[in-house]
Amino acid sequence: MFTTMNLPLHASFPLSSRTCCCYASLSMPQPQADRKEIRLGLPSKGRMSADTLELLKNCQLSVKQVNPRQYVAEIPQLSNLEVWFQRPKDIVRKLLSGDLDLGIVGLDIVSEHGQCNEDLIIVHEALEYGDCRLSLAIPQYGIFENVNSLEELAKMPHWTEDKPLRVATGFAYLGPKFMNESGLKHVTFSTADGALEAAPAMGIADAILDLVSSGTTLRENNLKEIKGGVVLESQAVLIASRKSMIQRKGVLETTHEMLERLEAHLRAIGQFTVTANMRGSSAEEVAERILSQPSLAGLQGPTVSPVFCKRDGKVTADYYAIVICVPKKALYKSIQQLRAIGGSGVLISPLTYIFDEETPRWRQLLSELGL
């Protein structure tokens, strides 16, 4: 199992002493051969935990926890699956050690604690929550007042071998790697937990490298982000162990089902089904009218079906029912266009799932596994 650097609070190390490389060549333990259960690691606390449980619930994969004090649960819809609540960084570590098979964490955690290890595969890279960025921030005042870019920061004459730029961060791998790739030579890092925003004001650091969502906390502490200072854009991702998917029975199938459910739900977010009646001489003529409007094309085109009624003892089809899928942002415009070409009785309903013939991410995963 790979080990991470355990540094005391504010321990420093020069950039030149860090080798920013991938650890794909590390020898990792094989998954536990005697374990039959498939294990999914989920964040145990905080907003990420709540949002993860909500997403799974919306995918009809509700997590059932008999005792809220216990760290193990189940998802009844997925047989032979155990859910283990862990700290996000421990989810990554246990995927690499073979103690977990699947996990949901932030991309920042995967990048920091996975360190490019080839056994970690990102199955779904955009679960649409937990959005943040790992960003470099400097004070708005003093010698940094007119510094607004990473390039300007690097050109400051203040940083020398004897007096390097001091950066406080909890990202002891990504921080030095980013600075090295950006060409900043005279930099040292100190590790710290908690409110990093206070470090510059206390004189502990010149800058910080931390996760940023809205940027409000930075501004309230007289700090600013700079151009070129974003290390990583992050959000929640579904990750898996390559070894587990290949070697452990049922893991690949469970991954496929989770991926399909997630994709179907996420694709349907903000999409609406629009149903309306329209007079026409034929289905083709109605379809031609619909497709003449740019907002009415739907996912693959409109569905047009005859609406039968009985008139003078005969069954006729003077109206046609049309069904299209419309994104929320274009909903009202689509209704206006539909009315303009003769649509009436317009019904709107939100979509819950959109299942493709096969999700492209599944094909990409099989290719990545060589299957």
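This note goes through a predicted model point by point, from its recorded domains to single residues.

1. Two domains come from the UniProt record, in an unreviewed entry. The feature "domain: ATP phosphoribosyltransferase catalytic" is placed by UniProt at residues 87–262, and in the model this span is 34% helix and 30% strand, with its end C-alpha atoms lying 22 Å apart. For "domain: Histidine biosynthesis HisG C-terminal", UniProt lists residues 270–352; over these residues the chain is 23% helix and 48% strand, and the end C-alpha atoms are 9 Å apart.

2. A pair of helices deserves a careful look. Helix H1 covers residues 46–58 and helix H9 covers residues 251–268, and their axes, which come within 9 Å, cross at roughly 90 degrees. Because angles of 65 to 115 degrees count as roughly perpendicular, H1 is described as roughly perpendicular to H9. On the H1 side the residues that meet the partner helix are Leu-55, Leu-56 and Asn-58, while H9 brings Met-258, Leu-262, His-265 and Leu-266. Sorted by kind, the residues of this contact of H1 with H9 divide into 5 nonpolar, 2 polar and no charged. A general point helps when reading such lists: an α-helix has 3.6 residues a turn, so residues three or four places apart point the same way.

3. Why do Cys-59 and Cys-325 form no disulfide with each other? A disulfide is a covalent bond between the sulfur atoms of two cysteines, and the rule applied here asks for the sulfur atoms to be within 2.5 Å. The closest cysteine sulfur to that of Cys-59 is in Cys-325, and because the two are 17 Å apart, they are too far for a bond. Seen from the other end, Cys-325 is in no disulfide, and the nearest cysteine sulfur to its own is that of Cys-59. The count for the model therefore comes to 0 disulfides by this rule. As for their surroundings, Cys-59 counts as buried at 1% relative accessibility, and Cys-325 is also buried, with a relative accessible area of 13%.

4. Helix H5, residues 174–182, has a set of buried residues made up of Leu-174, Gly-175, Pro-176, Lys-177, Phe-178 and Met-179. Just after H5 comes Gly-183, which takes a positive phi of about 85 degrees.

5. Ile-208 is found in strand S10, residues 207–212, and it counts as buried because its relative accessibility is 1%, where the cut-off for buried is under 20%. Leaving aside neighbours within four places in sequence, Ile-208 is in contact with a number of residues, among them Ser-135, Leu-136, Ala-137, Val-167, Ala-168, Leu-196 and Leu-223. By contrast, Ile-208 and Leu-338 are 53 Å apart in space, C-alpha to C-alpha, and 130 residues apart in sequence.

6. Two residues that are not glycines have a positive phi, and a student may wish to find each of them in the model. Gln-115, with a phi of about 50 degrees, has its place in the loop between helix H3 (107–114) and strand S6 (120–124). Glu-128, whose phi is near 70 degrees, is found in the loop between S6 and strand S7 (132–139). Is each of these residues buried or exposed? Gln-115 is buried, with a relative accessible area of 9%, whereas Glu-128 is exposed, with a relative accessible area of 53%.

How values were computed: Residues are numbered from 1 along each chain as its sequence is written. This is a predicted model: local features need pLDDT of at least 70, side-chain atom pairs count only at pLDDT 80 or more; totals for chains, interfaces and linings use all residues. Side-chain values use heavy atoms; hydrogens and water are left out. Buried means under 20% relative accessible area, exposed over 50%, partly exposed in between (1.4 Å probe, protein chains only). Helices (H or I, at least four residues) and strands (E, at least two) are DSSP runs, numbered from the N terminus. UniProt positions are given in the numbering used here, feature names are shortened, and annotations may be inferred rather than shown by experiment. Axes are lines fitted to C-alpha atoms, for helices over the stretch in contact, and angles run from 0 to 180 degrees between N-to-C directions. Angles under 35 degrees count as roughly parallel, over 145 as roughly antiparallel, 65 to 115 as roughly perpendicular and the rest as oblique. Contact means heavy atoms within 4.5 Å. Ala, Val, Leu, Ile, Met, Phe, Trp, Tyr, Cys and Pro count as nonpolar, Asp, Glu, Lys and Arg as charged, and the others, Gly among them, as polar.
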